[in-house]
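Dear colleague,

I am handing over the structure below, together with some notes on what turned up in it. Please read the notes with the model open beside them.

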Amino acid sequence: MSDCIFCKMASGEIKPDVVYEADTVLAFRDINPQAPTHVLVIPKRHIPTLNDVEPNDRELIGDLYLVAQEVARREGIAESGYRTVFNCRGDGGQEVYHLHLHVLGGRRMQWPPG
Ligand code: 5GP
Ligand code: ZN
């Protein structure tokens, strides 16, 4: 997707503040952090939303969570706790239509979310 900002980050055309990189996954700091730690974990391949995930993507989705776990360790929030979120489409609050897992921590999260 040539006009997708997260695809440009995955390809290296735009350089975000990367905290972890693997073959198929990239994790970088959110430009508008909502918590002391706010990292986005994305598949390098363009998948628009959670609705577009297919059975063949099982391993990739698992990898997103394993990277989230590693990011939490590196950020020092694994023990204090953190939240992982996929926002999906309008009512879910999704603004960038390239799948991304939010990793938020370093403060107490509220429930229910707004
Ligand atoms: P969504 O609302 O789609 O779940 O989350 C999109 C996230 O991407 C937002 O938290 C927003 O701050 C972040 N974001 C949007 N544009 C950029 C960008 O150019 N760079 C980075 N690092 N984050 C971005
Ligand atoms: Zn994309």
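The largest pocket is lined by 32 residues, and those that lie nearest its centre are D30, Q34, H38, N87 and H102. A pocket here is an open set of points on a 1 Å grid over the protein atoms alone, where a 1.4 Å probe fits and protein lies on both sides within 12 Å along at least five of seven lines, and a lining residue has an atom within 4 Å of a point. Two or more lining residues come from each of α1 (5–11), β2 (25–29), β3 (37–43), β4 (82–85) and β5 (101–105), where helices (H or I, at least four residues) and strands (E, at least two) are DSSP runs numbered from the N terminus. The space in this pocket comes to about 790 Å³, a volume being the space filled by probe spheres set on the points, which are joined across faces, edges and corners. Sorted by class, the lining has 14 nonpolar, 12 polar and six charged residues; Ala, Val, Leu, Ile, Met, Phe, Trp, Tyr, Cys and Pro count as nonpolar, Asp, Glu, Lys and Arg as charged, and the others, Gly among them, as polar.

Before going further, please keep in mind that this is a predicted model, in which local features need pLDDT of at least 70 and side-chain atom pairs count only at pLDDT 80 or more, while totals for chains, interfaces and linings use all residues. Residues are numbered from 1 along each chain as its sequence is written, chains are lettered from A and ligands numbered from 1 in the order in which they are written, and side-chain values use heavy atoms, with hydrogens and water left out.

Turning to the interior, the largest nonpolar core has 16 residues, of which A27, V39, V41 and L64 touch the most other members. Such a core is a set of buried Ala, Val, Leu, Ile, Met, Phe, Trp, Tyr and Cys residues joined through side-chain atoms within 4.5 Å. The elements β2, β3, α2 and β5 each give two or more residues to this core, and the largest share, six residues, comes from α2. L64 is in contact (heavy atoms within 4.5 Å) with V25, V41, I42, P43, F86, L99 and L101, leaving aside its neighbours within four places in sequence. Apart from this core lies another, of nine residues, including C4, M9, L26 and I42.

Some single residues also deserve a look. H100, in the loop between α3 (89–92) and β5, has a relative accessible area of 7% and is therefore buried, since buried means under 20%, exposed over 50% and partly exposed in between (1.4 Å probe, protein chains only). The side chain of H100 reaches the backbone oxygen of H98 at 2.6 Å, and H100 also touches F6, L40, V41, I42, V85, F86 and Q94, not counting residues up to four places away in sequence. D57, found in the loop between β3 and α2, is buried as well, at 6% relative accessibility.

As for the backbone, the peptide bond from W111 to P112 is cis, with omega near 5°, and P112 belongs to the segment after β5. R89, in helix α3, has a positive phi of about 60° although it is not a glycine, and R89 is partly exposed at 43% relative accessibility.

With best wishes

Notes:
A polar contact is a pair of N or O atoms within 3.5 Å; within protein, one must be able to donate a hydrogen and the other to accept it, and residues adjacent in sequence count only if both atoms are side-chain atoms.
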